[in-house]
Amino acid sequence: MTDLLTDHHAAASDAHETGPGRLFSPKRHPSPTAAQLDPHRRTLPVAEPAVVWRHTKTVLGHHRRELSAVLVLHALAAVAALVLPLLIGRLVDALVTGTTADRVDRLVGLLLVTVLVQTGLTWWARRASFVFGESLFADMRERFIDRASRLPLSTLERAGTGDLVARTTNDVESLSWAARFGLPSIFVASVTVVLTIGAMLWVSPLGALALLAAVPFAWPATRWYLRRARRGYLWERSKWAVLNGLAAESVEAARTIDALDLGRERHARLVDAVEQTYAAEKYTRWLRMWWYVPTEFSYVVPTAVALAWCGWLVHGESLTIGAATTIILYIRQLVDPFDELISWLDEIQVAATSLARIIGVEEVPDDRVATGAVPAGNDLSAHDVRFGYHANLEVLHGVSLDLRPGERLAIVGPSGAGKSTLGRLLAGIDGPTSGSVTVGGVPLMELSMDTLRSEVALVTQEHHVFVGTLRDNLLLARPSASDADLTAALASVDALEWAEGLPEGLSTTVGSGGHPLSEPQSQQLALARLVLADPHTLVLDEATSLLDPRAARHLERSLASVVADRTVVAIAHRLHTAHDADRVAVVEDGRISELGSHDELLTAGGPYAALWRSWRAEG
Ligand SMILES: Nc1ncnc2c1ncn2[C@@H]1O[C@H](COP(=O)(O)OP(=O)(O)OP(=O)(O)O)[C@@H](O)[C@H]1O
């Protein structure tokens with residue numbers, strides 16, 4: 001047993017030992033390394049056990065009344081269950097010492113009533129537990145969804161959506177299972193175990209000693225298991241998150257994968273993710289296997305010991321046959337709840353890991369704090385802005401820029417210079433590490449998301465159509481808009497004709513699985529959303545096909561009507577946009593090296609003039 005329960009963290013180097021002889025040797029199985037767990041690097045945070053415990057206590061505190069009712073009902077049901085062996089013991093003693101038929105009838109009648117009462121109480125207690133588990137789970141889920149839907153975009157981009165999707169699906173499901181079925185079973189089992197042991201001690205403390213025979217089997221094995229389970233399940237969950245993310249991404253990007261012939265590469269990555277998930281699953285199964293064997297012994301051995309021990313006590317007249325019968329029945333009666341506790345202990349480990357991952361989402365710091373300050377005007381300014389996606393790797397090195405309301409400013413520069421990054425900062429997606437980006441004198445990071453979107457918006461290549469009606473998709477931009485507003489917005493981007501031609505007009509379900517929208521239609525929908533949000537400044541990333549000169553003429557018209565009367569920052573990857581702009585900012589190596597009109601910069605003969613000449617030569 002001691003050999004079996006030795007600490008094997010050092011065995012991580014044997015990660016590739018998978019022969020059958022090795023597989024079942026506890027010494028050889030690889031445990032997760034810190035790098036494999038990787039809970040804090042690029043993934044979302046995982047709450048520490050103390051935080052999980054504090055959170056659980058708080059949530060239980062909110063349901064104190066239901067919890068007390070559940071415990072009292074289970075205690076009553078357990079007491080009724082304990083009366084049965086006691087009555088049977090009395091019956092045995094009465095029969096051994098001699099009694100009347102009348103007394104036997106009374107004891108049997110009492111037995112029947114007890115069975116009925118116990119059944120009724122158990123049903124009631126279980127029902128109360130289910131209701132309790134459901135409301136507890138509903139609370140936790142609501143908190144999680146609330147936080148998850150407000151996560152900073154930069155955090156999500158860094159962590160990847162796979163991790164959040166895994167927490168929303170696998171983890172919530174495992175928690176739901178534990179809350180709905182685990183908690184009720186644990187209540188029943190714990191109350192029954194405690195009361196049964198109490199009853200055994202009351203009947204005969206000496207006879208109850210037989211129960212100690214379970215300890216050498218159950219105790220060390222459980223300790224050994226619990227020491228490793230959290231790390232094991234965290235490892236398993238993190239690998240599932242990677243696998244889920246890869247699978248979802250592969251399905252979403254199926255067309256691109258086909259077009260670029262990336263099938264083989266995706267397959268290799270999926271196989272690698274499956275292998276890593278398999279290794280993690282194998283580890284936790286291995287833990288359970290070595291834990292279950294001794295615990296199974298702990299169920300059987302005490303009954304055998306009790307038979308011998310109580311028999312010896314009866315022989316020495318320290319115990320009546322009836323009391324011995326009661327003790328042995330109690331020991332048998334303990335097996336089921338004990339087994340239930342042991343198997344739920346395992347599920348609870350999984351659920352606790354899931355809970356730690358779910359609560360971890362709450363630990364993501366907000367990237368903005370809405371102060372309630374109201375911008376005094378529409379002028380957008382960047383002042384000495386520095387920013388990097390990673391610590392020690394600055395991308396923007398002190399950028400200052402004052403936009404003139406209503407102007408069209410093109411940002412040009414070599415690839416990787418920081419143009420898109422500057423665009424993200426000007427649109428308030430990311431906050432500067434130092435310096436400030438303000439609108440009407442208020443830093444963008446001090447505006448609520450709703451206010452921010454009515455000031456400045458980033459138009460990217462993404463024009464996602466959400467599953468829901470066309471109306472729902474438009475209302476996202478302005479929830480208070482009337483149907484007339486929506487129709488006007490669609491008309492302004494030249495989309496009314498096809499929108500009215502949909503089977504149910506604004507009420508047509510679009511998005512994945514709904515009525516299919518063509519690429520230009522999806523783009524117009526995104527533009528109509530912009531019209532509804534009505535920001536005074538737009539940051540257009542020209543990488544988007546929205547500005548592709550080969551795009552359909554009506555799309556260009558749609559865009560033109562959206563940008564009219566707004567301040568526009570166009571991140572120009574083709575210089576013809578710069579030619580049409582009021583001013584051009586040249587970004588080189590994270591700095592603005594030139595700023596002026598097209599003609600001024602050409603006359604200056606600096607970097608812009610060189611870029612323009614080489615672009616003309618290529619064109
Ligand atoms: N999400 C990100 N995480 C980490 N690094 C990033 C991220 N986005 C951009 N970078 C890095 O920041 C630097 C500037 O990138 P950015 O996309 O802003 O340049 P760009 O001038 O827009 O280039 P391009 O014209 O090729 O789009 C590059 O070194 C890039 O690798």
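This is a short chat about a predicted model of a protein.

Q: What does the secondary structure of the protein come to?
A: The predicted model has 22 helices and 12 strands.

Q: How many residues are there, and what share is buried?
A: The protein has 619 residues, and 36% of them are buried.

Q: What about contacts with a separation of 6 or more: what share joins residues 24 or more positions apart?
A: Such pairs make up 78% of those contacts.

Q: Let's do sheets. What is the strand order in the open sheet of four strands?
A: The order is β2-β1-β4-β5. The pairing is antiparallel.

Q: Which strands stand at the edges there, and why is one side of each left without a neighbour?
A: The edges are β2, residues 396–402, and β5, residues 442–443. Each has a single partner strand, so one side has no neighbour in the sheet.

Q: Which helix packs on that sheet?
A: That is α13, residues 419–426. Helix α13 touches β1 (380–387), β2 and β4. Its direction makes about 125° with that of β1.

Q: How many bridges pair β1 and β4?
A: Five, in the antiparallel sense. In one of these pairings, Ala-382 has Val-437 in β4 as its bridge partner.

Q: And how many join β4 to β5?
A: Two bridges, with β4 (residues 434–439) and β5 running antiparallel. Val-439 stands opposite Val-442 in β5. Thr-438 stands opposite Pro-443, also in β5.

Q: What do β4 and β5 form, and how many residues lie between them?
A: They form a hairpin with two residues between the strands. Gly-440 sits in the turn and has a positive phi of about 55°.

Q: Where do side chains point in a regular strand?
A: They alternate between the two faces of the sheet.

Q: On to the open sheet of six strands. What is its order?
A: The order is β6-β9-β10-β3-β11-β12, with mixed pairing. The edge strands are β6 (456–459) and β12 (591–596), and each pairs on one side only.

Q: What does the twist average from one strand to the next?
A: It averages 20°.

Q: In what sense do β9 and β10 pair, parallel or antiparallel?
A: Parallel, over five bridges. Strand β9 covers residues 537–541, and β10 covers residues 567–571. Val-539 has Val-569 in β10 as its bridge partner.

Q: Which strands of this sheet does α13 lie across?
A: Helix α13 lies across β3 (408–412), β6, β9, β10 and β11 (583–588). The helix runs at about 155° to β10. As noted, α13 also packs on the sheet of four strands.

Q: New topic: which residues surround the ligand?
A: Among them are Glu-157, Tyr-389, Val-395 and His-573. The list also includes Gly-413 and the run from Ser-415 through Gly-416, Ala-417, Gly-418, Lys-419 and Ser-420 to Thr-421.

Q: Which element gives the largest share of that shell?
A: Helix α13 again, with three residues.

Q: How does the shell split by class?
A: Three residues are nonpolar, seven are polar and two are charged.

Q: Last one. Which residues does the UniProt annotation "transmembrane region" cover?
A: The unreviewed UniProt entry gives 67–87, 107–125, 181–202 and 208–226.

Q: How much of 107–125 is helix in the model?
A: That span is 100% helix and 0% strand. Its end C-alpha atoms lie 26 Å apart.

Q: And 208–226?
A: That span is 68% helix and 0% strand, and its end C-alpha atoms lie 27 Å apart.

Technical notes. Residues are numbered from 1 along each chain as its sequence is written. This is a predicted model: local features need pLDDT of at least 70, side-chain atom pairs count only at pLDDT 80 or more; totals for chains, interfaces and linings use all residues. Two strands pair if DSSP finds at least two bridges between them. Two residues are in contact if their C-beta atoms, placed from the backbone, lie within 7 Å. Axes are lines fitted to C-alpha atoms, for helices over the stretch in contact, and angles run from 0 to 180 degrees between N-to-C directions. A residue is near a molecule or strand if its C-beta atom, placed from the backbone, lies within 6 Å of it. Ala, Val, Leu, Ile, Met, Phe, Trp, Tyr, Cys and Pro count as nonpolar, Asp, Glu, Lys and Arg as charged, and the others, Gly among them, as polar. A residue is buried if 20 or more other C-beta atoms lie within 10 Å of its own, exposed if 12 or fewer, and partly exposed in between; C-beta atoms are placed from the backbone. UniProt positions are given in the numbering used here, feature names are shortened, and annotations may be inferred rather than shown by experiment.
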